[in-house]
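Subject: Structure handover

Hello,

Here is the structure we talked about. Please open it next to the sequence; my notes follow below.

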Amino acid sequence: MSRIITYEDIVIMSDYIASKMIVKPKIGIVCGTGLGDINSMITNPLIIKFENIPKLPRTTGKEKSFKIVDSHAGQFVIGNLACGTPVICQQGRYHLYEGHDQSTINKLITQIVAPIRLMKFLGVEIVILTNAAGGINQSYCCGDIMVIKDHLYFPGLVGNSPLIGPNDARFGDRFPSLYNLYDRDLRSKLLDCARELNFDFVREGIYASVAGPHFETNFEMRFLMKNGCDAVGIGLLYKMKE
């Protein structure tokens with residue numbers, strides 16, 4: 001049975017991981033498709049499997065509540081990047097479309113966002129979300145990188161927000177502002193770095209989030225395009241809302 005992940009659950013998770021950490025991460029990276037080998041970029045990586053973390057939803061065994069997409073490892077990787085920056089990487093994300101009925105959806109959302117809340121408890125100040133998305137903007141090319149400056153979040157418009165349900169003020173406000181959700185200063189620094197490196201494949205645009213797992217119809221794609229969306233993907237924004 002699915003259950004709500006509580007504040008106390010997150011404390012238990014963070015205490016378990018903190019007891020094993022050598023470095024204290026300041027940046028969290030949620031690894032989308034294509035970043036599975038990020039371990040090779042981290043010095044002396046500490047790897048903690050999701051299944052070993054108490055209270056974190058399992059992917060195997062009696063407490064299995066939902067699966068991780070097959071291409072993701074299901075673990076946290078903690079250590080320093082080559083530049084010396086301490087990071088925690090989440091390899092493996094949870095998705096709502098993986099076999100659940102509507103009656104349990106809000107409980108499942110608290111499980112989906114649990115790793116982000118966990119990062120916050122571990123001292124993370126900046127979270128970088130990544131995923132593989134479909135390009136809508138006709139000027140984009142396959143393999144381009146898009147920095148998200150704003151989003152259109154369809155599941156949230158029909159009631160599937162990670163903030164729906166009982167509100168624990170210890171996690172934050174009931175009605176949080178999403179102004180500058182994608183930090184303007186960080187985006188500016190990233191785009192400046194891309195220009196200095198002559199990375200002309202780095203764009204900035206609007207991301208549309210849909211529930212999946214099916215892809216969009218021709219009309220849906222035209223709708224997104226006409227409303228200013230530049231790329232579309234599944235599931236990423238549940239984490240961003242946190």
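V11 sits in helix 1, which covers residues 7–18. This is a predicted model, so please read everything below in that light. Is V11 buried, exposed or in between? Its relative accessible area is 28%. The cut-offs are under 20% for buried and over 50% for exposed, so V11 counts as partly exposed. Its C-alpha atom is 7.9 Å from that of L118. Along the chain, V11 and L118 are 107 residues apart.

Now the overall counts. The protein chain has 7 helices and 9 strands. It has 242 residues, and 41% of them count as buried. Take the contacts between residues at least 6 apart in sequence: 80% of these join residues at least 24 apart.

**The five-strand sheet**

One open sheet has 5 strands, in the order 2-3-4-1-5, and its pairing is mixed. Its edges are strand 2 (42–49) and strand 5 (126–129), each pairing on one side only. On average, neighbouring strands here are turned by 20 degrees against each other, direction ignored.

Start with strand 1, residues 27–31. How many of its residues are buried? The count is 5 of 5. I27, I29 and C31 point one way from the strand. G28 and V30 point the other way. Residues on both sides are buried.

Strand 1 has two partners to look at. With strand 4 it runs parallel, joined by 5 bridges. There, G28 has I88 of strand 4 as its bridge partner. With strand 5 the pairing is also parallel, over 4 bridges. In that pair, I29 stands opposite I128.

Where does the antiparallel pairing come in? Look at strand 3 (residues 75–81) and strand 4 (residues 86–91): they run antiparallel and share 6 bridges. N80 stands opposite P86 of strand 4. As background, strands of a sheet pair through backbone hydrogen bonds, in either the parallel or the antiparallel sense.

**The four-strand sheet**

A further open sheet is formed by 4 strands, in the order 6-9-8-7. Its pairing is mixed too. Strand 6 (134–135) and strand 7 (145–153) are the edges, and each pairs on one side only.

Inside this sheet, strand 8 (residues 202–210) and strand 9 (residues 231–234) run parallel, with 4 bridges between them. A208 stands opposite V232 of strand 9. Helix 5 (residues 184–196) packs on the sheet and touches strand 7 and strand 8. The direction of helix 5 makes about 135 degrees with that of strand 8.

**D230**

Please take a look at this residue. D230 lies in the loop between helix 6 (218–226) and strand 9. It is buried, yet it has no salt bridge. Which side chain of opposite charge is nearest to D230? That is K149, at 6.1 Å. A salt bridge needs a distance within 4 Å, so K149 does not make one with D230.

D230 does have a polar partner: a contact of 2.8 Å joins its side chain to that of N137. Leaving aside neighbours within four places in sequence, D230 is in contact with G134, G135, I136, N137, Y140, M146, G205 and I206. Of these, G134 and G135 are strand 6 residues. M146 belongs to strand 7, while G205 and I206 belong to strand 8.

Best wishes

Conventions. Residues are numbered from 1 along each chain as its sequence is written. This is a predicted model: local features need pLDDT of at least 70, side-chain atom pairs count only at pLDDT 80 or more; totals for chains, interfaces and linings use all residues. Side-chain values use heavy atoms; hydrogens and water are left out. Two strands pair if DSSP finds at least two bridges between them. Helices (H or I, at least four residues) and strands (E, at least two) are DSSP runs, numbered from the N terminus. Contact means heavy atoms within 4.5 Å. Axes are lines fitted to C-alpha atoms, for helices over the stretch in contact, and angles run from 0 to 180 degrees between N-to-C directions. Buried means under 20% relative accessible area, exposed over 50%, partly exposed in between (1.4 Å probe, protein chains only). Lys and Arg count as positive and Asp and Glu as negative; His and the chain ends are not counted. A polar contact is a pair of N or O atoms within 3.5 Å; within protein, one must be able to donate a hydrogen and the other to accept it, and residues adjacent in sequence count only if both atoms are side-chain atoms.
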